Amino acid sequence: MKTGTVTAATLLAFVLLAPAASRAEPYLAVRTGYKCMVCHVNPTGGGKRNEFGSTYSQTELPAERLDLRTGQAVPAGGPEPESWTGKLSDQFAVGADLRANSQYVAVPHDTDTFAFTPRAQAYLEVKPIADRLTVYLDERVSPGAATNRETYAMLWFANRTAYVKAGRMFVPFGLRIEDDSAFIRQVTGTSFNSSDDGVEGGLELGPWSAQVSVTNGAGGGTETNRGKQISSLLVYVQPDWRVGASASTNFNGAADRRMQSIFAGLRTGRISWLASGVYITDDGTPTGRLKQWATLVEGNYEAAKGHNLKLTYEYYDPNADLKEDQRERYSAVWEYMPFQFTQFRLGARKSNGIPQNNAQNATELFVQWHAFF
Amino acid sequence: MRAAIGIVALALAACGPGSGEGLDQNGQPLSSGGNLLPPVPALAPTLASIQANVFSVDCAVPGCHGGAGAQQGLRLDPGFAAGNLINVASPRDANLIRVVPGNPDASFIIQKLEGTQTLGDRMPDGGPYLPQSTTDVIRQWIQDGAPTQ
């Protein structure tokens with residue numbers, strides 16, 4: 001049997017083994033063989049795209065390109081249209097992500113809900129000294145009152161192979177997929193909703209990326225003791241595959257949390273695979289030491305330019321010392337980018353948990369319009 | 001490559017959700033976590049009373065909502081509860097407001113305490129849980145506008 005047949009059969013098996021999602025961007029890094037810093041201002045990924053990342057998203061991702069001045073499609077073989085990267089000057093650049101989400105959730109033995117849940121971030125990048133000093137701001141402007149996600153100064157040195165940044169940031173840990181509701185994000189608390197205050201140092205040497213951060217460990221809240229969270233991330237990147245490992249400890253003298261993560265990416269033809277596992281131990285809980293772990297396996301099939309089918313399987317054991325409490329989640333998401341700055345997502349997620357907990361067995365359908373630059 | 005894919009497929013097929021046997025609604029053993037905390041007779045619908053009798057006793061403990069490493073940034077030590085609760089969204093879902101003054105039903109904290117939440121587990125995590133009489137007082141505090149004095 002050909003490899004393509006095997007992979008297609010595996011994808012089909014994902015769907016058939018149980019009812020079926022998620023949205024993520026690291027698959028693009030796996031597909032291209034790039035490091036996160038190639039396309040993002042933040043070397044650990046997420047947030048504002050840099051000039052290259054923005055140009056890439058306009059030239060390589062959409063099904064077709066529109067002329068930015070006329071709004072008309074550019075014919076194949078025609079002159080290369082302009083790109084707009086949010087660059088205002090050599091020192092200033094802006095960016096934004098708007099996700100207009102409509103979501104239907106069905107919970108067994110409960111009332112179904114349908115809601116519009118828009119989310120938006122605005123980014124400002126200031127470079128007083130080119131390739132050396134960056135001041136970065138990432139503000140969530142919707143829903144509700146504006147909240148700061150990241151604000152830091154970052155200084156590059158040693159010919160842009162090393163940097164240090166200080167301020168508010170997402171701690172470097174594990175696979176930074178976009179779906180904050182994924183078990184590996186939710187359980188570790190390392191999501192786009194949980195930045196922290198501190199410092200981070202990083203090295204970008206050839207295929208290696210390494211980061212270490214020391215932060216308050218208070219999730220951006222007020223710090224009142226000397227305990228700190230130390231997080232680290234190490235990734236080895238090759239054109240067709242990558243592996244990474246991460247560790248974090250958060251101690252405050254009375255309760256400690258330790259987390260470990262391993263993850264990998266692999267490209268096989270049109271499919272980009274992601275896999276990750278996290279293991280967490282909490283000491284000092286009311287019931288003693290709590291051990292939990294979660295995994296994710298995801299395949300991203302580039303059906304055609306501008307189209308991506310994402311199938312995800314997740315597993316979560318909330319207490320390794322208890323039997324029969326495990327949970328899982330299947331996801332299927334079709335992502336369509338018709339032209340620059342615009343992406344549509346259509347997705348379904350099915351969660352399976354213990355039968356006596358209705359919320360753990362919810363089914364979710366969503367449609368999302370993602371506008372970004 | 002084929003072997004790797006086959007292994008992944010088999011591994012997925014071998015997984016599955018727990019049966020829930022011997023567990024309560026929140027996945028805790030029935031013998032240890034299915035019970036309720038005793039009522040607090042002197043509890044009043046004020047932040048000071050709730051802080052002293054509920055938050056400080058049952059929530060602001062190490063590893064949970066006490067200290068600098070409080071779960072979800074929700075520190076409930078004295079002096080921190082109001083600032084982390086009232087009109088503050090859950091970091092896991094910005095649409096879930098922890099305390100909506102005047103509207104206990106829309107307050108995420110009530111959903112978490114009563115076990116009607118659609119995100120995460122019922123609190124206190126693993127039980128024993130607050131009796132309805134205690135939750136009703138917290139409801140009343142929120143209904144009164146969640147005053148901090």
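How many bridges pair β6(A) with strand β7 (residues 196–205) of chain A, and in which sense? The two strands pair over eight bridges, and the sense is antiparallel. This is a predicted model.

**The strands of chain A**

β6(A) also has a partner in strand β5 (residues 147–157) of chain A. That pairing is antiparallel too, and it runs over seven bridges. Strand β6 itself covers residues 162–169 of chain A.

Individual residues fix the register. A:T151 has A:R168 of β6(A) as its bridge partner. On the pairing with β7(A), A:A162 stands opposite A:L203.

β5(A) and β6(A) form a hairpin, with four residues between them. In the turn, A:A158 has a positive phi of about 50 degrees.

**Chain B in outline**

Chain B holds six helices and two strands. Read from the N terminus, the order is α-α-α-α-β-β-α-α. Of its 149 residues, 42% are buried. Among contacts in chain B with a separation of 6 or more, 49% join residues 24 or more positions apart.

**Two helices of chain B**

The table sets α3(B) beside α6(B).

| Helix | Residues | Distance between end C-alpha atoms | Span at 1.5 Å a residue |
|---|---|---|---|
| α6(B) | 12 residues (132–143) | 16 Å | 16 Å |
| α3(B) | 13 residues | 14 Å | 18 Å |

For α6(B), the expected span and the distance between the end C-alpha atoms agree, at 16 Å. In α3(B), the ends are only 14 Å apart, short of the 18 Å that a straight helix would reach.

Which residues of α6(B) are buried? They are B:T134, B:V137, B:I138, B:W141 and B:I142. These residues lie on the same side of α6(B), because they cover an arc of only 145 degrees around the axis. An α-helix has 3.6 residues a turn, so residues three or four places apart point the same way.

What covers the buried residues of α6(B)? The cover includes α3 (47–59) and α5 (108–114) of chain B. After α6(B) comes B:G145, with a positive phi near 100 degrees.

α3(B) has its own buried set: B:I50, B:Q51, B:V54, B:F55, B:D58 and B:C59. The buried residues of α3(B) pack against α6 of chain B, and also against α4 (81–85) of that chain. The link between α3(B) and α6(B) thus appears from either helix: α3 helps cover the buried residues of α6(B), and α6 packs with the buried residues of α3(B).

Definitions and conventions: Residues are numbered from 1 along each chain as its sequence is written. Chains are lettered from A and ligands numbered from 1 in the order in which they are written. This is a predicted model: local features need pLDDT of at least 70, side-chain atom pairs count only at pLDDT 80 or more; totals for chains, interfaces and linings use all residues. The expected span of a helix is 1.5 Å times one less than its number of residues. A residue is buried if 20 or more other C-beta atoms lie within 10 Å of its own, exposed if 12 or fewer, and partly exposed in between; C-beta atoms are placed from the backbone. The arc is that of the directions from the helix axis to the C-beta atoms. Two residues are in contact if their C-beta atoms, placed from the backbone, lie within 7 Å. Two strands pair if DSSP finds at least two bridges between them.
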